[in-house]
Amino acid sequence: MTTPKVVFYNVLRFFLLILLQVLVLNNIYLGGFINPYFYIYFILLLPFEIPGGLLLLFSFLVGAGVDFFSNTLGLNISACLAMAYARPYVISWISSGPDSLNGDSPSLKNQGLKWFLYYSISLILIHHFVLFYLEAFRFAEFFKTFFRMILSGTFTLLLVMISEYLFYPKEK
Amino acid sequence: MRNLYVFLRKHYFILLFLLLETVSLLLLFNFNEFQNTALVDLSGNFTGSINTAFRNISEYFSLRQTNKTLVEEMAKLHSRLPDAYYKSDAYSFYRNDTVFKLQYRYISAKVISNTTNKRNNFLMISKGSVQGVRNHMGVVIGNRIVGQVVSVSPHFSWIMSMLNKDSRISGKFKKNNQLVNVEWPGGNYRYGSVKEVPKHVDIIPGDTIVTSGNSDIFPEGIMIGTISDFTAAPDENFNSGTILFSTDFNSLGYVEIVVDLMRKEKEDLKATFKGE
């Protein structure tokens, strides 16, 4: 049920989010080291019915796009792939059944606040966990890395929720 | 054969995931050998041009700071010109070229991308091998440390910032020349840690740490920072402390690359010694 409109919005989101991430968000340092990884919003909003292969492929590409600009080739890709792999399982765990999903893609408007919060928190955590621990790559800094991961994750979640409210407001 | 096809069809999601994840991990652990020039060539031309365009806009926001740094630097240089000296004796400023031989030359370059919030931070600058930048050259700003060149393409270079887990700078106390190692433990970009301070050295907060000149990367006496905190560790052989970097890594607009004109001579000397 993929309409050209859905494809167009996803392609647009792909490029806009990569540019936003590398040009703006990568230069934001709250408290010295808190950095949101908002580009994964692209993976969060891919349609429900996207084939598994395409889901993995697009996640690979969006991760590669961000990696190219930060010269960390492989780092964001690995994190995005882990997130994409978990996505179908997370969706089936938190939904009551395939029929309970309204609309084409996950959204706050169609799925409700509770569903969307569970969905984004679990996927953001998976992505950030892989990203931060691959980057640090030593267990000596376990708790410090954990702390950074939680703070950045909170910030990412905040941006995701703000954009949901901004771009997909509830109909009265 | 048919069974294989059925198997692949049934489990293609996890198989594709494992395949792609392996590819990305291979990329991460092989390509991020930071000396890999091919990667910088490939990505540098494209991302470099986008980053340059963005920097061209964003550097307007820090013009005041850049200007201040330049003026300070200029004043310092002016004060060293012969004109700035009062000539009390016609012969006192005679300069003998066999006594003073130029050892360091500086190339200035614009910073076009920079991070301080990662565990491993890098800068990209707008000069490359065409302008004479080579691998392992030191990078400073004024008289303060920034990092070292790890990868060079014709027009851009990639610099490993001091704020990197692989950065390990040999420094010394300015007051008594005791050697120490300076690293960055992550977290706040203003603070680093000083390792391997011998027990008998008194550390007082405020002590200045400068580069030792022992490595071929930095000249001697480049400012690293000042000691801000120090705790004695009675159980170990060495003490350690916290250092406040003199460089504000978050506001770098222009940097200078140190070209050591005598580096080859030093390396040749080492090579001959090894050969004996």
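These questions and answers walk through a predicted model of two chains, A and B.

Visitor: How many helices and strands are there in chain A?
Guide: Read chain A from the N terminus and the elements run α-α-α-α-α-α-α. No strand turns up in that run. The count for chain A is 7 helices and 0 strands.

Visitor: What percentage of the residues in chain A is buried?
Guide: A residue counts as buried if 20 or more other C-beta atoms lie within 10 Å of its own. Chain A has 172 residues to test. The buried part makes up 40%.

Visitor: Where is the kink in helix 4 of chain A?
Guide: Helix 4 covers residues 75-94, which is 20 residues. From first C-alpha to last it reaches 28 Å, close to the 28 Å expected. Yet there is a kink of about 35°, shortly before the proline A:Pro88. The kink lies at A:Arg87.

Visitor: Which residues of helix 4 of chain A are buried?
Guide: Start at the beginning of the helix, residue 75. The buried list includes A:Leu75, A:Asn76, A:Ile77, A:Ser78, A:Ala79 and A:Cys80. It also holds A:Leu81, A:Ala82, A:Met83, A:Ala84, A:Tyr85 and, at the kink, A:Arg87.

Visitor: Which element of chain A gives the largest share of the side that touches chain B?
Guide: Across the interface, 26 residues of chain A are in contact with 29 residues of chain B. Helix 3 (52-70), helix 4 and helix 6 (113-136) of chain A each give two or more residues to the chain A side. The largest share is 6 residues, and it comes from helix 3.

Visitor: How many nonpolar, polar and charged residues has the side of chain A that touches chain B?
Guide: That side is made of the 26 residues of chain A in contact with chain B. Sort them by class. The result is 14 nonpolar, 9 polar and 3 charged.

Visitor: How many helices and strands are there in chain B?
Guide: Chain B has 276 residues, and 32% of them count as buried. Among contacts with a separation of 6 or more, 60% join residues 24 or more positions apart. The elements of chain B are 5 helices and 12 strands.

Visitor: Why does the largest nonpolar core lie between domain 2 and domain 3 of chain B?
Guide: This core has 46 residues. Strand 4 (residues 144-152) of chain B gives the largest share, 5 residues. The core lies between the two domains because both give residues to it: domain 2 (37-81 + 99-161 + 254-260) and domain 3 (169-250).

Visitor: Which residues is B:Ile209 in contact with, leaving aside its neighbours within four places in sequence?
Guide: B:Ile209 is one of the residues with the most contacts inside the largest core. Another of those is B:Ile224, which also touches B:Ile209. The full list is B:Gly171, B:Phe173, B:Val180, B:Val182, B:Val194, B:Ile224, B:Gly225, B:Ile227 and B:Ile243.

Visitor: How many residues has the second, separate core?
Guide: Look at some of its members: A:Leu55, A:Phe60, A:Phe68 and B:Phe17. The names come from chain A and chain B. This core has 45 residues.

Visitor: Is B:His136 buried, partly exposed or exposed?
Guide: B:His136 sits in the loop between strand 2 (122-125) and strand 3 (138-141) of chain B. Its phi is positive, about 65°, although it is not a glycine. B:His136 has 14 C-beta neighbours inside 10 Å, so it counts as partly exposed.

How values were computed
Residues are numbered from 1 along each chain as its sequence is written. Chains are lettered from A and ligands numbered from 1 in the order in which they are written. This is a predicted model: local features need pLDDT of at least 70, side-chain atom pairs count only at pLDDT 80 or more; totals for chains, interfaces and linings use all residues. Helices (H or I, at least four residues) and strands (E, at least two) are DSSP runs, numbered from the N terminus. A residue is buried if 20 or more other C-beta atoms lie within 10 Å of its own, exposed if 12 or fewer, and partly exposed in between; C-beta atoms are placed from the backbone. The expected span of a helix is 1.5 Å times one less than its number of residues. The bend at a residue is the angle between axes fitted to the seven residues ending there and the seven starting there. Two residues are in contact if their C-beta atoms, placed from the backbone, lie within 7 Å. Ala, Val, Leu, Ile, Met, Phe, Trp, Tyr, Cys and Pro count as nonpolar, Asp, Glu, Lys and Arg as charged, and the others, Gly among them, as polar. A nonpolar core is a set of buried Ala, Val, Leu, Ile, Met, Phe, Trp, Tyr and Cys residues joined through C-beta atoms within 7 Å. Domain bounds come from an automatic or database domain assignment.
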